[in-house]
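Work through the exercises below with the model open beside you. Try each task before reading its solution.

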Amino acid sequence: MSHRVFFLNGPNANLYGLDSRGTYGSESFASIETRCQDLAATLGLSLDFRQSNHEGVLVDWIQEARLHADAIVINAAGLSYSSVPILDALLAFDGPIIEAHMSNIWKRESFRHHSYISKAATGVIAGLGALGYELALTAVAEMLGQNA
């Protein structure tokens, strides 16, 4: 049986690879998605990889995950530091939740040092770029395998 994972990305993640400062690396969002889809297939996961710049859309997807996903990987991006609605939606989800950030949020501006998402997360991965996304999927596969 294949476990379904929702991988949710927040505002501006679609711009990965286009930032001249290189905060999020040089790899495009589409390339990162391809890497994640390939790894998910190898791990026996069905991956639903999504991105939105809108808080309410992310909340809707998290609520949808309650019925259609076994785990969530989420990079809420800038909404990590401000969204109580996303936190509340995540708290209503029963499966594993991995919070993933491309950059090391604790090496950045002080407002990024507190993530509301972390309160709901099973684990947090930050600062490893696209590798962190792959590690998040590997962790989820392991967690779901233990619950099989």
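The exercises go from the overall fold to the sheet, the salt bridges and the annotated sites.

This is a predicted model, in which local features need pLDDT of at least 70 and side-chain atom pairs count only at pLDDT 80 or more, while totals for chains, interfaces and linings use all residues. Residues are numbered from 1 along each chain as its sequence is written, and side-chain values use heavy atoms, with hydrogens and water left out.

**Exercise 1. The fold**

Task: State how many helices and strands the protein chain has, and in what pattern they follow each other.

Solution:
- Step 1. Count the elements. The protein chain has four helices and five strands. Helices (H or I, at least four residues) and strands (E, at least two) are DSSP runs, numbered from the N terminus.
- Step 2. Read along the sequence. The pattern is β-α-β-α-β-α-β-β-α.
- Step 3. Check burial. The protein chain has 148 residues, and 47% of them count as buried. Buried means under 20% relative accessible area, exposed over 50%, and partly exposed in between (1.4 Å probe, protein chains only).

**Exercise 2. The sheet**

Task: Give the order of the strands in the sheet, and find which strands stand at the edges.

Solution:
- Step 1. Lay out the order. The five strands form an open sheet, S2-S1-S3-S4-S5, with parallel pairing. Two strands pair if DSSP finds at least two bridges between them.
- Step 2. Find the edges. S2 (45–51) and S5 each have a single partner strand, so one side of each is left without a neighbour in the sheet.
- Step 3. Add the twist. On average, neighbouring strands are turned by 20° against each other, direction ignored. Axes here are lines fitted to C-alpha atoms, for helices over the stretch in contact, and angles run from 0 to 180 degrees between N-to-C directions.
- Step 4. Follow the pairs. S1 (residues 3–9) runs parallel to S2, joined by seven bridges. Val5 stands opposite Leu47 of S2. S3 (residues 71–75) pairs with S4 over three bridges, also in the parallel sense. Ile72 faces Ile97 in S4, and Ile74 has Glu99 as its bridge partner there.

**Exercise 3. Burial of two strands**

Task: Work out how many residues of S2 and of S4 are buried.

Solution:
- Step 1. Take S2. Five of its seven residues are buried, so S2 is largely enclosed by the rest of the structure.
- Step 2. Take S4. Five of the five residues are buried, so S4 is also largely enclosed.
- Step 3. Split S4 by face. Ile97, Glu99 and His101 lie on one side, Ile98 and Ala100 on the other, and all are buried.

**Exercise 4. Salt bridges**

Task: Trace the salt bridges of Arg50, then those that reach between helices.

Solution:
- Step 1. Set the rule. A salt bridge is a side-chain nitrogen of Lys or Arg within 4 Å of a carboxyl oxygen of Asp or Glu. By this rule the count is four.
- Step 2. Start at Arg50. Its salt bridge with Asp48 has closest N and O atoms 2.8 Å apart. Asp48 is buried at 16% relative accessible area, and Arg50 is buried at 13%.
- Step 3. Go on to Glu64. Arg50 also meets Glu64 in a salt bridge (3.0 Å, N to O). This pair links strand S2 to helix H2, 14 residues apart. Glu64 is partly exposed, at 29%.
- Step 4. Join them up. Arg4, Asp48, Arg50 and Glu64 are linked in a network of salt bridges.
- Step 5. Turn to the helices. Arg35 and Glu134 form a salt bridge, with closest N and O atoms 2.7 Å apart. Arg35 is in helix H1 (residues 29–43) and Glu134 in helix H4, 99 residues apart. Arg35 is partly exposed at 28%, whereas Glu134 is buried at 17%.

**Exercise 5. Annotated sites**

Task: Place His101 and Met102, and say whether each is buried or exposed.

Solution:
- Step 1. Consult the record. In an unreviewed entry, UniProt lists Tyr24 and His101 for "active site". For "binding site", the unreviewed entry lists Asn75, Asp88, Met102, Ser103 and Arg112. UniProt positions are given in the numbering used here, feature names are shortened, and annotations may be inferred rather than shown by experiment.
- Step 2. Place His101. It is in strand S4, and it is buried at 4% relative accessible area.
- Step 3. Place Met102. It is in the loop between S4 (97–101) and S5 (123–126). Met102 is buried at 5%.
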